[in-house]
Amino acid sequence: MVALERDDATAVDTPDGFGGQRVGSRGKKAEQRKASVERLMTLARKHFIERGYDATTVDQIAAGAGMSKGAVYFYFKSKANLLLALIDEAEQLTVEPAVEAVRGARGSARDQLVAFLHAQSVAGQEHADRMMLVILMSIELHGRDGPVEERLIAVNESMKKLLSGVVTAGKRQGVFTKKVPAKELVSIIMAVNQGCFLEWYRNGDQLDGHQLVRALRTTVLQGVLVDAGHGGSGGDE
């Protein structure tokens, strides 16, 4: 099975009657390969989230996708590589948009933080399962050496670095509270943000997305801004 799929993946298109393939079959095969990869990733993500990485087998992923075990190894070489592909996808859909939003925000650090929260809210409503995968795998695989844990740490550090820059700038500009050290402030923002991803994943069909976004923004800003709220709540008097 693997050999046949490898032959398909490396086949060269020829006109009809020369080699038995139609012109344009390469594009069709590429679409089929893409669909197969997406199907495997979807099933693997679901199993990793619901059952855990260790409890999920390649056989289960292949069977759920209606494919052979050999097909999984053909496309991903190993279960670890499949998880790495899912982590890469999660970063592209949940972290990179936040980085772009912060970089594109004009004005103060407050504006950058609002842009971050908005980008994460959009990601939460559309891709909550991607971030849930990263969170759960970070817990299950914590303390294990290897490329998977290194990749998970890198994703977390990327988000932490982004927020650290915003918080440091906010303190320097005098718009963020100085009562809480930057490191701890970043950790709290990340915790609240990840908690919202959990809610979107678990209760997304029962929540008003607009109101949840508003609650996230209000809660974080109330705790971060010097003059947030009324009567100096959260301030640095």
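**Exercise 1. Find where Leu 163 sits in this predicted model, decide whether Leu 163 is buried or exposed, and list the residues that Leu 163 touches.**

Solution. Begin with the element: in this predicted model, Leu 163 is found in helix H7. Next, take the accessibility, which is 0% in relative terms, and since buried means under 20%, Leu 163 therefore counts as buried. Then look for neighbours, leaving aside residues up to four places away in sequence: Leu 163 touches Leu 113, Phe 116, Val 186, Ile 189 and Met 190. One of these partners, Ile 189, is 26 residues from Leu 163 in sequence, while the C-alpha atoms of the two are 8.3 Å apart in space.

**Exercise 2. Carry out the same steps for Ser 121 and for Thr 56.**

Solution. Ser 121 lies in helix H6, and its relative accessibility is 2%, so that Ser 121 counts as buried. Beyond the residues up to four places away in sequence, Ser 121 touches Trp 200, Val 213 and Leu 216.

Thr 56, by contrast with a helix position, has its place in the loop between H2 and helix H3, the latter spanning 58-65. The relative accessibility of Thr 56 is 1%, and Thr 56 therefore counts as buried. With residues up to four places away in sequence again left out, Thr 56 touches His 47, Phe 48, Arg 51, Ile 61 and Lys 79. Of these, Lys 79 can be placed by two separations from Thr 56, namely 23 residues in sequence and 9.2 Å in space from C-alpha to C-alpha.

**Exercise 3. Describe how helix H2 and helix H4 cross, and name the residues through which they meet.**

Solution. Two packed helices are described by the angle between their axes and the distance between the axes. For H2 (residues 25-50) and H4 (residues 69-76), the axes come within 11 Å and cross at roughly 105 degrees. Because angles of 65 to 115 degrees count as roughly perpendicular, H2 and H4 are roughly perpendicular to each other. On the H2 side the meeting residues are Arg 33, Ser 36, Val 37, Leu 40 and Met 41, and on the H4 side they are Ala 71, Val 72, Tyr 75 and Phe 76. Sorted by class, this contact has 7 nonpolar, 1 polar and 1 charged residues.

**Exercise 4. Which backbone feature marks Lys 77, and where does Lys 77 lie?**

Solution. Most residues other than glycine have a negative phi. Lys 77 is not a glycine, and yet its phi is positive, at about 70 degrees. Lys 77 lies in the loop between H4 and helix H5, which covers 79-104, and with 48% relative accessibility Lys 77 counts as partly exposed.

**Exercise 5. Give the volume of the largest pocket and work out which elements line it.**

Solution. The volume of the largest pocket is about 320 Å³. There are 17 lining residues, of which Val 134, Ser 138, Leu 152, Asn 156 and Gln 194 are the closest to the centre of the pocket. Helix H6 (109-140), helix H7 (147-173) and helix H8 (182-203) are the elements that give two or more residues to the lining, and H7 gives the most, with 6 residues. By class, the lining has 10 nonpolar, 6 polar and 1 charged residues.

**Exercise 6. How many helices and strands does the protein have, and what share of its residues counts as buried?**

Solution. The secondary structure comes to 9 helices and 0 strands. Of the 237 residues of the protein, 40% count as buried. Finally, among contacts with a separation of 6 or more, 65% join residues 24 or more positions apart.

Note on methods. Residues are numbered from 1 along each chain as its sequence is written. This is a predicted model: local features need pLDDT of at least 70, side-chain atom pairs count only at pLDDT 80 or more; totals for chains, interfaces and linings use all residues. Side-chain values use heavy atoms; hydrogens and water are left out. Axes are lines fitted to C-alpha atoms, for helices over the stretch in contact, and angles run from 0 to 180 degrees between N-to-C directions. Helices (H or I, at least four residues) and strands (E, at least two) are DSSP runs, numbered from the N terminus. Angles under 35 degrees count as roughly parallel, over 145 as roughly antiparallel, 65 to 115 as roughly perpendicular and the rest as oblique. Contact means heavy atoms within 4.5 Å. Ala, Val, Leu, Ile, Met, Phe, Trp, Tyr, Cys and Pro count as nonpolar, Asp, Glu, Lys and Arg as charged, and the others, Gly among them, as polar. On a 1 Å grid over the protein atoms alone, a cavity is a set of points where a 1.4 Å probe fits but cannot get out, and a pocket is an open set with protein on both sides within 12 Å along at least five of seven lines; lining residues have an atom within 4 Å of a point. Grid points are joined across faces, edges and corners, and a volume is the space filled by probe spheres set on the points. Buried means under 20% relative accessible area, exposed over 50%, partly exposed in between (1.4 Å probe, protein chains only).
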